[in-house]
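Colleague: I am new to this one. Please choose a single part and take me through it closely, then show me what else the chain holds.

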Amino acid sequence: MAVAARTSAKRVGKTRKASPRWWKWTKRCFLVGSTLFCIGGIAFAYMFGQELKVAEAKISNLDDLMQQVERPPSKIFSADGVLLYQVSAEYRKPINYEDIPDTVKNAVLAAEDKRFFDHRGVDYYALGRILFTNVRDQRAAQGGSTLTMQLAKLLYTNSEKSLKRKIGDMAMAFTIEQKLTKEQIFELYMNKVFFGGGAHGIAAAADVYFHKSIDKLTIGEAALLARCVRRPSDENPFRNPEKAIDNRNIVLRTMIGEGMISQDEYEKAKAEKYKFNRHVNGESEKFLRSEYFVWHVLESLKRDFPDISLSQGGYKIYTTLDTTMQSVAEAAVKETVKNHRRQGVTTAAFVAMDRDGRILCEVGGLNFKKNQFNVVTDGYRQPGSSFKPFIYATAFSTGAVSINDSVSNEKFSWPMPGAKPWTPKNSSGRYGGTPSVSTAFKMSMNVPMARVMEKTGPNTALAFCRSNFGFTSPHLLAVPALCLGSGEVTP
C-alpha cells in the first residue's frame with residue numbers, strides 16, 4: 001500500500017498546469033483574425049480580378065484620351081492671319097515630360113506620390129494602411145491613392161467614395177502601368193489634372209496663377225501648385241491664399257525630408273511672398289479682337305454646321321476680315337459716337353463688303369464687353385435709298401422697265417386704300433422732265449423710283465427681294481414706300 005501511494009503521488013506531481021485564460025482567448029482571436037484575413041484576402045483578390053477585367057476593357061481608348069489632351073484649341077483667324085478668337089473645352093497648355101523642370105516634378109511627387117517610380121500603380125504600404133483602417137474603423141478609408149490611381153480616376157472612374165471604387169482605381173492603375181511608361185503616365189497626369197482657377201494641367205496653372213511659363217517657376221511656386229490638386233476649387237490661391245500657402249509648406253517639408261531640396265532652398269522657398277492677380281482668367285473662351293464680327297461668325301457656324309462643336313478643339317476657321325480696315329472702322333465708330341453724344345447717340349455700327357459679299361470689316365457697336373448687341377446683324381434700321389438698287393433689279397428682271405427707258409419726274413400721289421395718298425418727294429426739291437432710268441438710278445431720284453415701283457408693283461418687288469436677295473426681315477412690307485427704304489432691315 002505504501003509503494004502504491006508514492007507512485008500515485010509521483011504521477012500527480014508530473015501533471016501539466018492549466019493554460020492561462022488570456023492565452024486561450026489570444027489563440028482564439030488569432031485564429032478568428034487569421035480566418036477573417038484570409039477570407040478578406042480572397043474577397044479582395046476576387047473583386048480585384050473582376051475590376052481588372054473591367055479595366056482591360058475600358059483601357060482600349062487610352063490612346064484617344066492621350067490625343068484629346070494634346071488637341072489644341074479651336075481658333076478663328078482674319079484673312080491676314082491674325083488670331084481673333086480661341087476656345088477649348090478646358091484651358092490647357094499641353095507640355096511634354098522632358099519639358100517639365102525637375103523642380104516641378106519633385107514638388108508633384110512630394111505632394112502626391114513619393115514612391116511613384118518604385119511601384120507598379122499601387123503603393124502596397126498605403127494599401128496596408130487603408131485595409132487596417134477599414135477593419136479598425138469599419139469604414140472605407142480614403143487616401144493612399146498613387147499618382148497612377150488618380151489618373152485612372154480622372155480618365156475612367158467616378159468620385160464615389162467606396163471600397164469598390166478604390167479597388168477599381170487600383171485595377172485601372174495596374175492596367176495603365178502595363179500599357180504606358182512612367183514618363184508617359186506622369187506627362188498625361190500633369191496635362192489632365194485640374195488645378196483650380198480654370199486651369200487644367202500644370203503649364204496652364206503656372207500661367208493662370210503666376211503668369212509664368214512652367215520653366216520659370218520657383219521651388220515655392222511649384223510646391224504651391226503641386227498641392228492645389230487636392231481641393232482645387234476651395235484651396236486654390238485665388239479662393240483661399242492662406243490655405244494655399246499652408247499647403248505649399250507641407251510640400252516643402254516633404255521635399256526637404258526626401259532630400260529633393262537643400263536647407264537653404266527650403267528656407268528661401270518658404271519665405272517667398274506672392275500677389276495672386278488673375279492675369280489669365282482660365283476660361284475656355286477668349287475673344288481677342290473684332291468681337292462683334294467673331295460673334296457673327298460663331299452664330300453663322302451654329303446655323304450652317306450644327307454638328308460641329310468648336311469647344312472640342314482642333315478646328316481652324318479662316319475668315320474674310322481685313323484687320324487694317326477693321327481698325328479704321330472701329331476708330332470711325334468711336335469718333336462718330338463721340339461727336340454725336342450730345343444728340344443722344346450712344347452707339348453706332350459699320351460694315352463693309354466686297355462685290356462678292358465677303359465681309360471685310362464689321363463693327364456692331366461701341367463696346368462688346370458692355371453690350372453684346374450687334375447692330376450689324378440684329379439692329380433693324382431703315383435702309384433708305386440703299387434699297388433702291390433692289391427695286392430696280394426687280395423691275396429689270398421682270399421686264400417692268402429697261403435701263404434705256406425714260407421715266408417721269410412729275411409729282412404724283414399714290415392712292416392708299418383707307419389712308420391718305422402717298423406723295424413721294426425729291427430731296428433736291430426739283431421736279432419735271434423725263435430722265436432716263438439710268439440717270440434716275442445714278443442720281444438716286446425719289447419720284448422716278450416711285451414711278452418704277454408703280455410699274456413693278458409692291459408685292460412683286462417684295463417677293464423678288466426675298467427670293468433672290470435673301471431678305472428675311474419681317475419689317476419689310478409690300479407698300480409703295482418700300483422703294484425708298486421705308487421698311488427695316490439689318491445692315
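Modeller: I will start with the whole, go through one sheet strand by strand, and then turn to the helices.

This is a predicted model, where local features need pLDDT of at least 70, side-chain atom pairs count only at pLDDT 80 or more, and totals for chains, interfaces and linings use all residues. Residues are numbered from 1 along each chain as its sequence is written, and side-chain values use heavy atoms, with hydrogens and water left out.

The protein has 19 helices and 10 strands. Helices (H or I, at least four residues) and strands (E, at least two) are DSSP runs, numbered from the N terminus. Of the 491 residues, 40% are buried. Buried means under 20% relative accessible area, exposed means over 50%, and partly exposed is in between, with a 1.4 Å probe and protein chains only. Contacts (heavy atoms within 4.5 Å) often reach far along the chain. Among those with a separation of 6 or more, 67% link residues 24 or more positions apart.

Now the sheet. It is open and has four strands, in the order β5-β2-β1-β6, with mixed pairing. Two strands pair if DSSP finds at least two bridges between them. β5 and β6 (316–318) are the edges, each pairing on one side only. From one strand to the next, the twist averages 15 degrees.

Take β1 (residues 74–77) and β2. These two run antiparallel and share four bridges. Lys75 sits opposite Gln86 of β2. Phe77 faces Leu83, also in β2. Five residues lie between the strands of this hairpin, and Gly81 has a positive phi near 80 degrees.

On to β2 and β5. They are antiparallel too, joined by three bridges. Here Val87 stands opposite Glu285 of β5.

How enclosed is strand β2 (residues 83–87)? Four of its five residues are buried, so the rest of the structure largely encloses it.

A helix covers this sheet. α13 lies across β1, β2, β5 and β6, and runs at about 135 degrees to β5. Axes are lines fitted to C-alpha atoms, for helices over the stretch in contact, and angles run from 0 to 180 degrees between N-to-C directions.

Look at the loop between β5 (285–287) and α13 (291–304): Ser290 is there. Ser290 has 3% relative accessibility, so it counts as buried. Beyond its neighbours within four places in sequence, Ser290 touches Leu84, Leu321, Gln326 and Glu330.

A second hairpin lies further along. β7 (residues 350–353) and β8 (residues 359–363) are antiparallel, with four bridges. Met353 faces Ile359 in β8. Five residues separate these strands, and Gly357 has a positive phi near 85 degrees.

Next, the helices. The largest nonpolar core counts 53 residues, and Val104, Phe186, Phe195, Leu225 and Met255 have the most contacts inside it. A nonpolar core is a set of buried Ala, Val, Leu, Ile, Met, Phe, Trp, Tyr and Cys residues joined through side-chain atoms within 4.5 Å. Elements giving two or more residues to this core include α4 (102–112), α8 (182–192) and α9 (202–210). α9 gives the largest share, eight residues.

Phe186 touches Tyr97, Ile100, Lys105, Val108, Leu109, Phe116 and Leu147, leaving out residues up to four places away in sequence. A second, separate core has 26 residues, among them Tyr392, Phe412, Met445 and Ala461.

Which residues join α4 and α8? First, the geometry: the axes of α4 and α8 are 12 Å apart, at an angle of about 85 degrees. That makes α4 roughly perpendicular to α8; the label covers 65 to 115 degrees, while under 35 is roughly parallel, over 145 roughly antiparallel and the rest oblique. Val104, Lys105, Val108, Leu109 and Glu112 of α4 meet Phe186, Tyr189 and Met190 of α8.

Finish at α18 (residues 446–456). Nine of its 11 residues are buried, so the rest of the structure largely encloses this helix. Among the buried ones are Asn446, Arg451 and Thr456. The buried residues of α18 pack against α16 (388–398), β9 (414–416), β10 (419–422), α17 (437–443) and α19 (458–469). Just after α18 comes Gly457, with a positive phi of about 100 degrees.
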